[in-house]
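Reader: I'd like a close look at one part of this model, taken slowly and with its surroundings. Could you pick the strand in the middle of things and walk me through what sits around it?

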Amino acid sequence: MTTAGDGVPVDGPAEVLDCLGQRCPLPVIALAKRLPALPVGAVVRVLADDPAAANDIPAWCRMKSQEYLGSPEPSAFDVRRVN
């Protein structure tokens, strides 16, 4: 897998979860359900326009020891499966 300097795959995330229009905590629940099914190292992009997602997704990553890669565009949050 080719990565940019920040470790995000150049060819994009392995999967995109479209949670647009969903309110907290639904985007985090969708991420928590889907991430374990992906291989370690895979990146998931969560699309979420609920303002709480900007805090909730990084916080969930810290609690679950997953890697929050940042927000590459508005309403998009990249997470790498670590374990």
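Author: One term before we start: contact, or touching, means heavy atoms within 4.5 Å. Also keep in mind that this is a predicted model.

Let's take strand E4, residues 76-80, and get the general layout out of the way. The protein chain has two helices and four strands, and along the sequence they come in the pattern β-α-β-α-β-β. The four strands make an open sheet in the order E1-E2-E4-E3, with mixed pairing. At the edges sit E1 (15-18) and E3 (67-70), each of which pairs on one side only. On average, neighbouring strands in this sheet are turned by 25 degrees against each other, ignoring direction.

That order puts E4 between E2 and E3. Take the E2 side to begin with: E2 and E4 run antiparallel and are joined by five bridges. One spot to click on is Arg45, which stands opposite Asp78 in E4. On the other side, E3 and E4 also pair in the antiparallel sense, here over three bridges. Asp78 turns up again there, as the bridge partner of Gly70, while Glu67 has Arg80 as its bridge partner in E4. E3 and E4 form a hairpin with five residues between them, and Ser75 in the turn has a positive phi of about 65 degrees.

Now the side chains. In a regular strand, side chains alternate between the two faces of the sheet. Here, Ala76, Asp78 and Arg80 point one way from E4, Phe77 and Val79 point the other way, and all of them are buried. With five of its five residues buried, E4 is largely enclosed by the rest of the structure. For this call, buried means under 20% relative accessible area. Over the whole protein chain, 39% of the 83 residues count as buried.

What about the helices? H2 (residues 53-64) lies across E2, E3 and E4, running at about 5 degrees to E4. H1 (residues 26-34) lies across E1, E2 (43-47) and E4, at about 150 degrees to E1. So which residue of H2 is worth zooming in on? Try Ile57, whose contacts include Phe77 and Val79, the pair that points one way from E4. Leaving out residues up to four places away in sequence, Ile57 also touches Val28, Leu31, Val46 and Tyr68.

Ile57 belongs to the largest nonpolar core too, which has 16 residues; Leu31, Val44, Val46 and Ile57 touch the most other members. The elements that give two or more residues to this core are H1, E2, H2 and E4, and H2 supplies the largest share, four residues. If you count contacts across the protein chain with a separation of 6 or more, 60% are between residues 24 or more positions apart.

Past the end of E4, have a look at the chain's last stretch. Val40, in the loop between H1 and E2, touches Arg81, Val82 and Asn83, not counting residues up to four places away in sequence. The C-alpha atoms of Val40 and Val82 are separated by 5.6 Å, though the two are 42 residues apart along the chain. Unlike the buried residues of E4, Val40 is exposed, at 54% relative accessible area.

Another loop gives a similar sort of check. Ala52 lies between E2 and H2 and counts as partly exposed, at 26% relative accessibility. Its C-alpha atom is 8.1 Å from that of Arg23, with the two positions 29 residues apart in chain separation.

Since you'll probably wonder about cysteines: Cys19 counts as buried at 2% relative accessibility, and Cys61 is buried at 1%. A search of the whole structure finds zero disulfides.

Last, the record. An unreviewed UniProt entry carries the annotation "domain: UPF0033" over residues 17-41. In the model, that span is 36% helix and 8% strand, and its end C-alpha atoms lie 17 Å apart.

Note on methods:
Residues are numbered from 1 along each chain as its sequence is written. This is a predicted model: local features need pLDDT of at least 70, side-chain atom pairs count only at pLDDT 80 or more; totals for chains, interfaces and linings use all residues. Side-chain values use heavy atoms; hydrogens and water are left out. Two strands pair if DSSP finds at least two bridges between them. Axes are lines fitted to C-alpha atoms, for helices over the stretch in contact, and angles run from 0 to 180 degrees between N-to-C directions. UniProt positions are given in the numbering used here, feature names are shortened, and annotations may be inferred rather than shown by experiment. Buried means under 20% relative accessible area, exposed over 50%, partly exposed in between (1.4 Å probe, protein chains only). A disulfide is a pair of cysteine sulfur atoms within 2.5 Å. A nonpolar core is a set of buried Ala, Val, Leu, Ile, Met, Phe, Trp, Tyr and Cys residues joined through side-chain atoms within 4.5 Å.
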